[in-house]
Amino acid sequence: MKRLGKEFQSSQVIKPSGGSPEKKIFSITPQILSEEEAIEAKEKLLNTKILGFSPVHYTTRSVKKVYVPFELITYSYNVKILSSNQNKQTGIVYNVRENHAFHFDLNEKIDREKIASVALNGEILKDGCKDKEILENSMRVLQQKILRRVHRNVKDLKMIRRERFYRPACEMVVECRGKEFIKYAYMDAYASSNEHVSGLKTRL
């Protein structure tokens, strides 16, 4: 949850392809929901009722179309299973705007399409964290929350690939109990009401 007024810092490590700003090409997840559908779904999630009563109520104050920066980061590692040494790979999807990491099953696929900046109908958001934070947090999540649960003898964990992409969303300024917050209502195929399950399709 982001409070308004926080100053976001921009990281320019991974840049879109292209030369001049109007010719830049961005990797975008396809939009499948309208703004109205995405906002309605997000408001329903925010104002979830418990036993027929909503403990908190969020009121939407303003909305704008944006593209939220994410990264798919792939890691390799070695592990000994029985008497065999095996090399495996795993992934992290990182929300660069809101600075948090999720485990990603590399057997899944993130649909993306290349779109020129002039064809986009929303604002490309700046990064909300530094590149150092992305790398440190991704490694920490992998080591402490994911791999440790499955393997006890992981060795040679290293990053092998990073891919920047953007998700279409409505940036919503919402008010609750006299305070304003920023929320994102995603309009791609990976939006979900379940934000507690690992994996892109159900987590993001």
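These are my notebook entries on a predicted model of one protein.

**Entry 1. Overall layout**

I started with the secondary structure. The protein has three helices and nine strands. Reading from the N terminus, I noted the order of elements as β-β-α-β-β-β-β-β-α-β-β-α. I then looked up how much of the protein is buried. Of its 204 residues, 41% are buried.

**Entry 2. The nonpolar core**

Which residues of the largest nonpolar core touch the most other members? I found Tyr75, Ile92, Tyr94, Ile134, Leu142 and Leu157, in a core of 15 residues. Next I checked which elements supply this core. Strand β3 (59–81), strand β4 (84–95) and helix α2 (131–150) each give at least two residues. Helix α2 contributes the most, with five residues.

**Entry 3. Salt bridges**

I searched the whole structure for salt bridges and got twelve. I wrote down three of the pairs.

The first pair I took was Glu175 with Arg61, whose side chains form a salt bridge at 2.7 Å, N to O. This pair links distant parts of the chain, as Glu175 is in strand β8 (residues 155–176) and Arg61 is in strand β3, 114 residues apart. I also looked up the exposure of Glu175. Its relative accessible area is 23%, so Glu175 counts as partly exposed.

Then I took Asp127 and Arg164, which meet through their side chains in a salt bridge of 3.1 Å, N to O. Here too the pair links distant parts of the chain: Asp127 sits in the loop between β7 (123–124) and α2, Arg164 sits in strand β8, and 37 residues separate them. Are these two residues buried or exposed? Asp127 and Arg164 are both buried.

The last pair I noted was Arg167 with Asp188, a salt bridge between side chains at 2.7 Å, N to O. Arg167 belongs to strand β8 and Asp188 to the loop between β9 (179–186) and α3 (200–203), so placed that the pair links distant parts of the chain, 21 residues apart. Arg167 and Asp188 are buried as well.

I also checked for salt bridges with shared partners. Such bridges join Glu71, Asp127, Asp131, Arg162 and Arg164 into one network. Asp127 and Arg164 are thus on my list twice, as a pair and as members of this network.

**Entry 4. A charged patch on the surface**

Which residues form a negative surface patch? I listed Glu35, Glu36, Glu37 and Glu40. I followed up on Glu40, which lies in helix α1 (residues 35–46). Glu40 counts as exposed because its relative accessibility is 57%, and the cut-off for exposed is over 50%.

**Entry 5. Positive phi values**

I looked at backbone angles next. Most residues other than glycine have a negative phi.

Asp156 is not a glycine, yet its phi is positive, at about 55°. I placed Asp156 in strand β8. With a relative accessible area of 54%, Asp156 is exposed.

Arg177 was another entry under this heading. Its phi is near 55°, again positive in a residue other than glycine. Arg177 is in the loop between β8 and β9. Is Arg177 buried or exposed? Arg177 is exposed, because its relative accessible area is 68%.

**Entry 6. Two distances**

I finished with two C-alpha pairs.

How far apart are the C-alpha atoms of Asn87 and Ser76? I noted 7.0 Å for this pair, whose members are eleven residues apart along the chain. Asn87 is part of strand β4. Its relative accessibility is 52%, and Asn87 therefore counts as exposed.

For Glu123 and Ala169 I noted 9.9 Å from C-alpha to C-alpha, with their positions 46 residues apart in sequence. Glu123 is in strand β7. Its relative accessible area of 37% makes Glu123 partly exposed.

Note on methods. Residues numbered from 1 in each chain as written. Predicted model: local features only at pLDDT ≥ 70, side-chain atom pairs only at ≥ 80, totals over all residues. Heavy atoms only, no water. Patch = residues over 30% accessible without salt bridge, like charges linked within 9 Å, V, L, I, M, F, W, Y side chains within 5 Å. Areas by Shrake-Rupley, 256 points an atom, 1.4 Å probe, with all protein chains shown as cover. Salt bridge = Lys/Arg side-chain N within 4 Å of Asp/Glu carboxyl O. Lys, Arg positive; Asp, Glu negative; His and termini not counted. Charge placed at Lys NZ, Arg CZ, Asp CG, Glu CD. Helix = DSSP H or I, 4+ residues; strand = E, 2+ residues; numbered from the N terminus. Buried < 20%, exposed > 50% of the residue type's maximum accessible area, 1.4 Å probe, protein only. Core = buried A, V, L, I, M, F, W, Y, C linked by side-chain atoms within 4.5 Å.
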